[in-house]
Amino acid sequence: MQKRRLLAALLAGAMAFSLTACGSSNGDTSDSTTDSATASGDSYTVGVCQLMQHAALDAATQGFQDKLTELVKADGKSVEFDVQNASGDSATCTTIVNGFVSSGVDLIMGNGTAALQAAQSGTADIPILGTSITDYATALDMSDWTGTTGTNISGTTDLAPLDGQAEMLKELFPDAKNVGLLYCSAEPNSAYQINTIKPMLEEMGYTCTEYAFTDSNDVASIATNASASSDVIYIPTDNTAATCTETIRNVVVPAGVPVIAGEQGICSGCGVATLSIDYYELGEMTGQMAYDILVGGQNPGEMEIQPAPTFTKMYNESICQELGLTVPEGYEAIAAE
């Protein structure tokens, strides 16, 4: 009888243990693994959604990875990155972000406006950082902007001083009359820049005309129209333009029309001068913010959007030579690729 009671007790204990084990594995095991790793502080998983591939965004992503890896490793921890490129398609950004959310990443970095917008729509819980974003109020459709989002989002901005760019255009082309504003109408941050710099240039006495293309398919035709009626063209920080610099160059240089660019990558491809930031440095700043969130426990909603620390006047030596332009002192030549 005692043996039977002992056996029954052992069987009951075994069944209880089995039920407990089954209960702990019920559901998404990858989420519990990620939560455990995050709780222990040993490792982190970061999803990176990059809108498209071009020099500026590539540099920002690389700077982000390098800086965050450096900081995390210094603490004896590790970080893994899932970097995915949306090839310029906002719908693909949404698909990528949804995958990050399903896999339970610890943080999402959106490189480019559409990538950040997809992350905003995809989760209100996972911390989000943006980079290469011109204006967060525009990108996130937020009114009464205070410098912080109050949500799960923060990041860095690539907006160079537009008044400084206008002054540079005036310095280089004081006798110009007509300025063509060439940009992609599908990019809200490009429209923001145009709406900001246009009245500045008009105040300086220029006649400004907008030339907006909808995507890469009509860049050549719109650039041709702009070249026919402009003494100088201004292109803001614009992702579509950044991927079409060769097309634009093949139009503006033969037409003899100089381009002032919003950032170095566009200037390197088709411009004569820019007041630009260092996108790798911007990515590093974003990596520091990610470390502060993941390891330091900071709330992204309370972290102010960070601007680039430095801006440099740069010029494209080869195109300046082709157009017979002499750049005054104080400009740094863009290194040939």
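Helix 13 is largely enclosed by the rest of the structure, because 12 of its 16 residues are buried (under 20% relative accessible area, with exposed meaning over 50% and partly exposed in between, using a 1.4 Å probe and protein chains only). This is a predicted model, so local features need pLDDT of at least 70 and side-chain atom pairs count only at pLDDT 80 or more, while totals for chains, interfaces and linings use all residues. Residues are numbered from 1 along each chain as its sequence is written, and side-chain values use heavy atoms, with hydrogens and water left out.

**The protein overall**

- The secondary structure comes to 14 helices and 13 strands; these are DSSP runs numbered from the N terminus, with helices being H or I of at least four residues and strands being E of at least two.
- Of the 337 residues, 47% count as buried.
- Taking contacts (heavy atoms within 4.5 Å) between residues at least 6 apart in sequence, 72% join residues at least 24 apart.

**Helix 13**

- Helix 13 covers residues 279-294 and reaches 22 Å from its first C-alpha to its last, close to the 22 Å expected at 1.5 Å a residue; the expected span is 1.5 Å times one less than the number of residues.
- Its buried residues are Y279, L282, G283, M285, T286, G287, M289, A290, Y291, D292, I293 and L294.
- Those buried residues pack against two kinds of element: the strands are strand 1 (43-50), strand 3 (107-111), strand 4 (128-133), strand 5 (153-157) and strand 11 (306-307), and the helix is helix 3 (55-74).
- At the N-terminal end of helix 13, D278 acts as a cap, with a side-chain oxygen 3.0 Å from the backbone nitrogen of Y280.

**Helix 4 and what follows**

- The end C-alpha atoms of helix 4 (residues 90-103) are 20 Å apart, which agrees with the 20 Å that its 14 residues should span at 1.5 Å a residue.
- C93, I96, V97 and F100 are buried in helix 4.
- Seen down the helix axis, the buried residues of helix 4 fall within an arc of 95 degrees, so they line one face of the helix; the arc is that of the directions from the axis to the C-beta atoms.
- Turned away from that buried side is a face of helix 4 carrying the exposed residues T95 and S102.
- Strand 1, strand 2 (78-85), strand 3 and helix 5 are what the buried residues of helix 4 pack against.
- G104, just after helix 4, takes a positive phi of about 75 degrees.

**T113 in helix 5**

- T113 lies in helix 5, which covers residues 113-122.
- With 10% relative accessibility, T113 counts as buried.
- Not counting residues up to four places away in sequence, T113 touches I133, A139, P188 and N189.

**Nonpolar cores**

- In soluble globular proteins, nonpolar side chains tend to be buried together.
- A nonpolar core here is a set of buried Ala, Val, Leu, Ile, Met, Phe, Trp, Tyr and Cys residues joined through side-chain atoms within 4.5 Å.
- The largest nonpolar core has 51 residues, of which V179, L182, L201, Y234, I235 and I260 touch the most other members.
- Apart from it lies another core, of 24 residues, including I128, Y136, A139 and L140.
- L182 is in contact with Y211, F213, I222, A223, I233, Y234, I235, P236 and I248, leaving aside its neighbours within four places in sequence.

**Salt bridges**

- The whole structure holds four salt bridges, each being a side-chain nitrogen of Lys or Arg within 4 Å of a carboxyl oxygen of Asp or Glu.
- One of them joins E70 and K67, with the closest N and O atoms 3.9 Å apart.
- Both E70 and K67 lie in helix 3, three residues apart, about one turn of the helix.
- E70 counts as partly exposed, at 47% relative accessibility.
- E210 and K198 meet through their side chains in a salt bridge of 3.4 Å, N to O.
- That pair links distant parts of the chain, 12 residues apart: E210 is in strand 7 (residues 207-213) and K198 in helix 8 (residues 188-203).
- E210 is partly exposed at 33% relative accessibility, and K198 is partly exposed with a relative accessible area of 21%.
- E322 and R249 form a salt bridge of 2.5 Å, N to O.
- This pair also links distant parts of the chain, with E322 in helix 14 (residues 317-323) and R249 in helix 11 (residues 245-255), 73 residues apart.
- E322 is partly exposed, with a relative accessible area of 47%, and R249 counts as partly exposed at 24% relative accessibility.

Definitions and conventions:
Polar contact = N/O pair within 3.5 Å; in protein donor to acceptor, adjacent residues only side chain to side chain.
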